[in-house]
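Please take a first look at the protein shown here. The report below walks through its parts in turn.

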Amino acid sequence: MAETQQALGLDIGGTGIKAAVVDVGRGELVSERVRIKTPQPSVPEEVLKICARLQKKLKWQGPVGCGFPGLIKDNVVTDAPNLDQSWVGHDIVQGLRSHLQQERIAVLNDADAAGVAEMTFGAGKGRKGTVVLITLGTGIGTAVFYDGVLLPFTELGHLEMYGKDAELSASEGARIRDGLSWKKWAAHLDHYLSRLQYLLGVDLFILGGGGSKKAHKFLPHLKTVGSKVMTAEMGNLAGIVGAAMRGAESAVVRGATGGLL
Ligand code: BGC
């Protein structure tokens, strides 16, 4: 029987931190999915402690991949709009290594993680051209692919719309915060997607994240880009699976150096 390759996938979000052990060859969870609320304030020390609790709960000792909701350069967080600002300047790879007692660590953007999983096992499988996965959550995350190859760390949720960050009006967080009807919110999302469509020549949008769970409520209202939109197939597991895939790669490709970025 072929050897299965497994890794722990962690998905740090603005409201919850999720984890599971993943068979990265099949893109499937081989443990339960565990979740703990993101601590408030979401400072590095407290978030990292929760990552360690989740690892312990799943009794996992092995490679770890972590999706993070922000920008990371050379292992250091440079922006994390939906977490405590003390993350900026924090070496997240080092932090995870010491809290998880694990050398084989890979960190990537949370939306990139979801995108990698959807392109390999989900809605984007085999899709050519420009595919953009959008996560609709507390903020908006984006993962841009051309012929299946990822352009990492795009931050298109911060594209300016109505004079401010697009995620302030088109994210799931904005819909809830502003008490918008599905129709009204869908108009913002439609406007946002059509801007991206124009700027990047997008062939396919894949909508994921918590906000895509009730897609039937807003898809009919996406008048401009509707024909190019699909919903993600892996739901909120995509972020965990994609992170684990990178975690497993860091073990094989980079050995103990980790910090694959
Ligand atoms: C962050 C992105 C992240 C997205 C979803 C945005 O505010 O800038 O890096 O992917 O939220 O979590």
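Helices and strands are DSSP runs, numbered from the N terminus: a helix has at least four residues (H or I), and a strand at least two (E). The model is a predicted one.

## Two domains

The protein is divided into two parts. Domain 1 covers 6–112 + 238–257. Domain 2 covers 125–232. The centres of domain 1 and domain 2, taken over C-alpha atoms, are separated by 24 Å.

The two domains also touch. Twelve residues of domain 1 are in contact with 13 residues of domain 2.

## The largest pocket

The largest pocket has a volume of about 810 Å³. Its lining is made up of 44 residues. Nearest the centre of this pocket lie Lys 18, Leu 136, Gly 137, Thr 138 and Gly 210. Both domains take part: domain 1 and domain 2 each give at least three residues to the lining.

Several elements give two or more residues to this lining. Among them are strand 1 (6–12), strand 2 (16–23), strand 9 (130–136) and strand 10 (140–146). Helices also contribute, including helix 3 (110–121), helix 5 (172–177) and helix 8 (238–253). Helix 3 gives the most, with four residues. Sorted by class, the lining holds eleven nonpolar, 23 polar and ten charged residues.

## A five-stranded sheet

Five strands form an open sheet. Their order is 11-10-9-14-15, and the pairing is mixed. Strand 11 (149–151) and strand 15 (229–231) each have a single partner strand, so they stand at the edges, with one side of each left without a neighbour in the sheet. On average, neighbouring strands of this sheet are turned by 30° against each other, direction ignored.

How do strand 14 and strand 15 run where three bridges join them? They run parallel, and strand 14 spans residues 204–208. Phe 205 has Val 229 of strand 15 as its bridge partner.

## Helices across the sheet

Helix 3 lies across strand 9, strand 10, strand 11 and strand 14. It runs at about 45° to strand 10. Helix 6 (residues 182–200) lies across strand 9, strand 10, strand 14 and strand 15. Helix 6 runs at about 150° to strand 9.

## Two backbone details

Most residues other than glycine have a negative phi, and most peptide bonds are trans. Two places depart from these patterns. The peptide bond from Gln 40 to Pro 41 is cis, with omega near -5°. Pro 41 is found in the loop between strand 4 (34–37) and helix 1 (44–57).

Gln 101 is not a glycine, yet it has a positive phi of about 50°. Where does Gln 101 lie? Its place is the loop between helix 2 (92–100) and strand 8 (105–109).

Methods
Residues are numbered from 1 along each chain as its sequence is written. This is a predicted model: local features need pLDDT of at least 70, side-chain atom pairs count only at pLDDT 80 or more; totals for chains, interfaces and linings use all residues. Side-chain values use heavy atoms; hydrogens and water are left out. On a 1 Å grid over the protein atoms alone, a cavity is a set of points where a 1.4 Å probe fits but cannot get out, and a pocket is an open set with protein on both sides within 12 Å along at least five of seven lines; lining residues have an atom within 4 Å of a point. Grid points are joined across faces, edges and corners, and a volume is the space filled by probe spheres set on the points. Ala, Val, Leu, Ile, Met, Phe, Trp, Tyr, Cys and Pro count as nonpolar, Asp, Glu, Lys and Arg as charged, and the others, Gly among them, as polar. Domain bounds come from an automatic or database domain assignment. Two strands pair if DSSP finds at least two bridges between them. Axes are lines fitted to C-alpha atoms, for helices over the stretch in contact, and angles run from 0 to 180 degrees between N-to-C directions. Contact means heavy atoms within 4.5 Å.
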